[in-house]
Structure formats: structure tokens, C-alpha cells
Amino acid sequence: MQILEALWIQENLLSRDILENVNSSKIAYSTLSMSLRLLENKGFISHRKVNNAFHYYAILKKEDYLVSLIKGILDGHFSSNQDELINYIH
């Protein structure tokens with residue numbers, strides 16, 4: 001999630017730039033590399049090769065992610081029943 005947040009704020013980040021953005025959690029560079037590959041395989045992000053460096057950018061828009069997340073919660077916990085969700089919140 002932190003990787004996506006960084007790429008939603010600024011596109012075309014190098015992996016070292018992403019690491020600086022998410023390094024509050026003290027992740028290792030190898031963990032970041034694996035996470036970038038996983039996100040790319042899922043179609044959330046992609047990269048462009050410029051000279052010898054990969055510049056990463058988000059494919060998945062933040063709004064689309066949030067809609068999907070809310071829909072997943074609604075479908076998974078409230079059987080797609082909006083009234084049930086509203087009653088739960090109140």
C-alpha cells in the first residue's frame with residue numbers, strides 16, 4: 001500500500017526513491033524489489049526503462065482501488081446489502 005501511495009503522489013520513481021518514501025517501515029531493498037514485481041504482475045504498477053534504470057508508475061488509479069476495496073468489504077461482510085452496512089455504521 002505504501003508503494004502505491006508513493007506512486008500515486010509522484011510518478012516515475014526509481015526504486016531507491018520508493019524505498020526512501022516507504023523506509024519508515026525499515027524494509028529491505030530485496031523486499032521492495034519483490035513487492036514491486038508482485039504489484040507489477042498484478043497489473044497495479046508498471047515501469048519504463050530509461051538508460052539503465054527502471055522508472056515505476058501506477059497503472060491502478062487510487063479512486064479505482066478505493067472503490068474495489070469498499071466493494072470487497074461490502075460483498076464480503078455485508079452480503080452486498082447497503083442497508084445492513086448503514087445499520088452497522090450507526
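**Notes on helix packing, aromatic pairs and a few side chains**

1. Let's start with Tyr56: at 10% relative accessibility, this residue counts as buried. Keep in mind throughout that we are looking at a predicted model. The ring of Tyr56 also has a partner, Phe54, with the two centres 6.5 Å apart and the planes at 70 degrees. An angle over 60 degrees is what makes a pair edge-to-face, so that is the label for Phe54 and Tyr56. Phe54, for its part, is partly exposed, at a relative accessible area of 38%.

2. How many aromatic pairs does a search of the whole structure find? Two. Besides Phe54 and Tyr56, there is Trp8 with Tyr65, a tilted pair at 5.8 Å centre to centre and 45 degrees between the planes. Trp8 sits in helix H1 and Tyr65 in helix H4 (residues 62–78), so this pair ties together parts that are 57 residues apart in sequence.

3. Now to Ser46, which belongs to strand E1 (residues 45–50). With a relative accessible area of 15%, Ser46 is buried. Setting aside residues up to four places away in sequence, Ser46 touches Glu40, His55, Tyr56, Tyr57 and Ile59. So the buried Tyr56 of point 1 turns up again here as a contact of Ser46.

4. His55 is another one to click on. You will find this histidine in strand E2 (residues 53–58). Is His55 buried or exposed? Buried: its relative accessible area is 19%, and the cut-off is under 20%. Not counting neighbours within four places in sequence, His55 is in contact with Asn12, Leu13, Leu14, Ser46, His47, Arg48 and Val50. Ser46, His47, Arg48 and Val50 on that list fall within the residue range of strand E1, 45–50.

5. On to the helices, beginning with H1 (residues 2–9) and H2 (residues 15–22). They pack at an angle of about 115 degrees, and their axes are 9 Å apart. The range for roughly perpendicular is 65 to 115 degrees, and H1 and H2 are therefore roughly perpendicular to each other. The crossing in which H1 passes H2 is right-handed. On the H1 side the contact is made by Gln2, Ile3, Ala6 and Leu7, and on the H2 side by Ile18, Asn21 and Val22. Sorted by type, the residues of this contact are five nonpolar, two polar and no charged.

6. H2 also meets helix H3 (residues 29–41). Here the axes come within 10 Å and cross at roughly 110 degrees, and H2 and H3 are therefore roughly perpendicular to each other. Which residues meet in this contact? From H2 there are Ser15, Ile18 and Leu19, and from H3 Tyr29, Leu32 and Leu36. By type they come out as five nonpolar, one polar and no charged. Worth a look in the viewer: Ile18 takes part in the contact of H2 with H1 and in the one with H3.

7. Last, a residue of H2 that is exposed: Glu20. Its relative accessibility is 63%, against the cut-off of over 50% for exposed. If you want a distance to check in the viewer, take the C-alpha atoms of Glu20 and Asn87: they are separated by 42 Å, and the two residues are 67 apart along the chain.

Notes:
Residues numbered from 1 in each chain as written. Predicted model: local features only at pLDDT ≥ 70, side-chain atom pairs only at ≥ 80, totals over all residues. Heavy atoms only, no water. Axes fitted to C-alpha atoms, helices over the stretch in contact; angles between N-to-C directions. Helix = DSSP H or I, 4+ residues; strand = E, 2+ residues; numbered from the N terminus. Parallel < 35°, antiparallel > 145°, perpendicular 65-115°, else oblique. Left-handed = near helix turned anticlockwise from the far one by under 90°. Contact = heavy atoms within 4.5 Å. Nonpolar A, V, L, I, M, F, W, Y, C, P; charged D, E, K, R; others polar. Phe/Tyr/Trp six-rings, centres within 6.5 Å; stacked < 30°, edge-to-face > 60°. Buried < 20%, exposed > 50% of the residue type's maximum accessible area, 1.4 Å probe, protein only.
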